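Biologist: Please take me closely through a single part of this structure, the helix packing, and then through the sheets. I should like each term to be given with its cut-offs.

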Amino acid sequence: MIDTIYVEEGVATHPLTESILGRFRDAVTVPVTRYGEVFNRNHQSLRLQKAKPSLILAEKLGNQVLPAPEGYGIGSGKNFYFSHVLNCLCDCRYCFLQGMYRSAHYVLFVNYEDFQETIASTLDADPDQDVYFFSGYDGDSLALDAITGFVDSFVPLFARHPRAFLELQTKSATIRSLLQHEPGDNVVVAFSFAPNAAGKALEHGVPPLEARVSAMQKLTERGYRLGLRFDPLLYTTGYREQYQELFEAIFPRLEIASLHSVSFGPFRVPRDYFQRMAKLYPEERLFAGIEPSGPMVSYPPELEAEMRSYCEAELKLFVPAEILFPCRV
């Protein structure tokens, strides 16, 4: 899976680094001073790298926890995010990461202890309310868990802090580590979905719907709370029928009481990211007819409003309104 591993000199003897290198003994190891030497260098081909990404082991220096963008959250007034990994195992054509990064390599920040200390101090700064921490904003929370050991390091942390809520955002079905932990009400496993036709065309490397629904059922049986994320809403001429089919394939197979939240939101990316994405995949039909006209790129306002209205009405047929959240970001 991984042929080349770049290792920052500062984390060469970190226990997680040594553990990963021990499991990939055949990989070529390349020392670097800082991960940006590889990840941010000019004249890279993200499209080519996607076929065989390398792994970069690095240290996150500062800003381990950041305030979530305005409008990003599920009902709490205090929302933060943190990224232990940059980039994703999957290759989704609509993903903003392809416009944000120059490289397709995976970056893993191995200094989990610093993330955990910052999470604890962020929580202590708001002693009178619940605080939400989102993982998976800059990369899938679970897809690389067999390598990162992220679940084993962070789920026990949140078990010790009941006021802190952890949302693990994922498109994967990698749940083995989660099933080995006693779930708390403050850990939410949030799965993202697109209609089947759009998924096959645009979500390369994403496990089939059936595998992810099965994973959700196992998590529910174990006692985990689930989130469902229909974001971004993707337009095709038959989007109504496709989203109706998607909702009917998911909700009847889940215990509604196990759902923490359901959210939906439009396709929307920063203008400069979109331009890079369109340049990477000029043949991609998803980008056809979308003309950047401001700092954010999305569908025409009337189409976006129509899709929002339709999907919200359909979702209310399956879940109570109090756990339904439109995403405004």
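Modeller: The answer begins with one helix pair and then turns to the sheets.

This is a predicted model, in which local features need pLDDT of at least 70, side-chain atom pairs count only at pLDDT 80 or more, and totals for chains, interfaces and linings use all residues. Residues are numbered from 1 along each chain as its sequence is written, and side-chain values use heavy atoms, with hydrogens and water left out.

Helix α5 (residues 112–124) packs against helix α7 (residues 150–159) at an angle of about 20°, and their axes are 11 Å apart. Helices (H or I, at least four residues) and strands (E, at least two) are DSSP runs, numbered from the N terminus. Axes are lines fitted to C-alpha atoms, for helices over the stretch in contact, and angles run from 0 to 180 degrees between N-to-C directions. The two helices, α5 and α7, are therefore roughly parallel, a term for angles under 35 degrees; over 145 is roughly antiparallel, 65 to 115 roughly perpendicular and the rest oblique. To the contact (heavy atoms within 4.5 Å), α5 contributes Tyr112, Phe115, Gln116 and Ile119, and α7 contributes Phe150, Ser153, Phe154, Leu157 and Phe158. By class, seven of these residues are nonpolar, two are polar and none is charged. Here Ala, Val, Leu, Ile, Met, Phe, Trp, Tyr, Cys and Pro count as nonpolar, Asp, Glu, Lys and Arg as charged, and the others, Gly among them, as polar.

An open sheet of five strands, with mixed pairing, follows the order β2-β1-β3-β8-β6. Two strands pair if DSSP finds at least two bridges between them. At the edges stand β2 (28–32) and β6 (85–86), each with a single partner strand, so one side of each has no neighbour in the sheet. Within this sheet, β1 (residues 4–8) and β3 (residues 55–58) are paired in the parallel sense by three bridges, and valine 7 has leucine 57 of β3 as its bridge partner. Across β1, β2, β3 and β8 (106–109) lies helix α1 (residues 15–23), which runs at about 165° to β1.

Another open sheet, also of mixed pairing, has eight strands in the order β4-β5-β9-β10-β11-β13-β14-β17. Its edge strands, β4 (66–67) and β17 (324–326), each pair on one side only. Strand β4 runs antiparallel to β5 (residues 79–82), joined by two bridges; leucine 66 has tyrosine 81 of β5 as its bridge partner. Helix α13 (residues 301–315) lies across β13 (225–233), β14 (259–266) and β17, at about 160° to β14.
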